[in-house]
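Colleague: I should like to go through this model with you, beginning with the fold and then turning to the contacts between chains. Please show it first.

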Amino acid sequence: MTTARSDVQRPSTIAEGDELPPFALAVTSTVIVAGAIASRDFMPAHHDRQFAMGQGAPDMFMNIMATNGYVSRFVTDWAGPEAMVRSIKIRLGAPAVPDQPLRFTGHVTQTHREGNEQVVEITIRAANEIGDHATGTVVVALPVEPSG
Amino acid sequence: MTDAPPDELHARLATYIGKPMGPPAVAPDPVNVPMIRHWVDALDDRNPAYLDEDGTATTRFGGIVAPPAMLQTWTMGRPRIEGIAERGGAPDTITVDNPIPVLDAAGYVGTLATNSELEFVRYLRPGDRLHLTMEIDAISTRKTTSLGQGYFLTWVTTYLDANDEVVGRQLFRIFKFDPSTIDPAKLGGAS
C-alpha cells in the first residue's frame, strides 16, 4: 500500500539547482474535504461549494493546513524519511479548487553543512489554471552519512 | 500596491501590536496515532516516519513522529457544528478584543490569507500535549492592492509542550479589505 519513493537523497550529492520530481495533485472535492477534516478544519468554505461561492470564491477550496501538508509531502517524498522539515514559508495566492490539478515544482536554492546535518533550502511552487496557489521555501535538515 | 500614510484607524490598530490575537489555547487531545493515520490517509503521505505500519521504524527519529504540517491541527478548537456557517467558519463563538472586529466595523470585512510561515523546533511524538499563545506582530498602513484597499495584519502563534518548551511557531498574515473598493477587472477569478 505504500507509495513512498525509496530513492532517499544522499545529502552529500545534493546541489543548488537540483530539481525535485514534479508532482501533480488531482484536486477533487473529496481531496479538499478529506484534508480539511483530517486537520479538524470545519470552515464551510472547505466542504460547501455554495458557501464558498457566496464568499466570492469560484468553488470550495483547499484549507491552508492541507496546503502546508502537501508542500511538506512534496519535499519529503524527494528528501526521504530521514529529512526533518525545519520550516515551510509560503505566500498564498490562487485557491486550490476541484477539478484543477495542482502542479508542484521545486528546486534546491541553498545547501550548507551544519554539524552532522546537511541543511537544504528548496524553493517551491504549487500552481493551477488560476495561477500560483502557493510559492515559497521549505528548509529540511538531513543527517550526513558517517564517513568511512 | 500603494501605501497610504498612517491614518487614525491605523493608529487605533497599532495599539494592538504585542497584544494577544486570541486567548491561550490547550490542545483537546495529545498528539496521537489515530489522528496521524487520518492525516496520512487523507493526504496520501506515505512517509514511514509518520506511521510504523511495518514495524520498521528505522529513521533517526527512533519511532513515530507526527507530520510537521499537523502542528496547527493539534490545537484546533472543538467545533460547534450548529451555526458554523453563520459564524463564518469560526469553531465556536469567540469574544476577543483584537483588530478583526475593529476592521470589520470600519468596512474592511473581506479576509484573504496571504502568508503562512511555519517553523518547527522539534518533531512531535504521540503523547505530546500542546498549548499555544498568539501575539499580534504587525499591522500595515492602508494599502491599495488588486483586491482593493485594506490592512495587512500579522500574528505569530507559538506552540509549546507540557514543559513549556517551544516546539514550533507560525507567522500568519491576512489582508482585511473593503470589498466595495475591489476593481473587478483585476480580480482574474481568484478570491
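Colleague: Which pattern of helices and strands does chain A follow along the sequence?

Modeller: This is a predicted model, in which local features need pLDDT of at least 70, side-chain atom pairs count only at pLDDT 80 or more, and totals for chains, interfaces and linings use all residues. Residues are numbered from 1 along each chain as written, chains are lettered from A and ligands numbered from 1 in the order written, and side-chain values use heavy atoms, without hydrogens and water. Helices (H or I, at least four residues) and strands (E, at least two) are DSSP runs numbered from the N terminus, and chain A has three helices and five strands. Read along the sequence, the pattern is β-α-α-α-β-β-β-β.

Colleague: Is Thr67(A) buried or exposed?

Modeller: Thr67(A) is found in helix α3 (residues 64-79) of chain A. Leaving aside residues up to four places away in sequence, Thr67(A) touches Met62(A), Ile90(A), His133(A) and Ala134(A), a contact being heavy atoms within 4.5 Å. Relative accessible area is judged with a 1.4 Å probe and protein chains only: under 20% is buried, over 50% exposed, and in between partly exposed. At 3% relative accessibility, Thr67(A) counts as buried.

Colleague: How many residues apart in sequence are the parts tied together by Glu114(A) and Arg86(A)?

Modeller: The two side chains meet in a salt bridge at 3.0 Å, N to O; the term requires a side-chain nitrogen of Lys or Arg within 4 Å of a carboxyl oxygen of Asp or Glu. Glu114(A) lies in strand β3 (residues 102-114) and Arg86(A) in strand β2 (residues 84-92), so the pair ties together parts of chain A whose separation in sequence is 28 residues.

Colleague: What area is buried between chain B and chain A?

Modeller: The size of an interface is often given as the accessible area lost when the parts come together. Here that loss is taken with a 1.4 Å probe and summed over both parts. In this model, 48 residues of chain B are in contact with 47 residues of chain A. Carbon and sulfur atoms give 59% of the buried area, which is about 3,800 Å².

Colleague: Which residue of chain B forms a salt bridge with Glu117(A)?

Modeller: The count between chain B and chain A is one salt bridge. Glu117(A), at 18% relative accessibility, counts as buried, whereas its partner is partly exposed at 34%. With the closest N and O atoms 2.6 Å apart, the partner is Arg60(B).

Methods: Buried area = accessible area lost by both parts, 1.4 Å probe.
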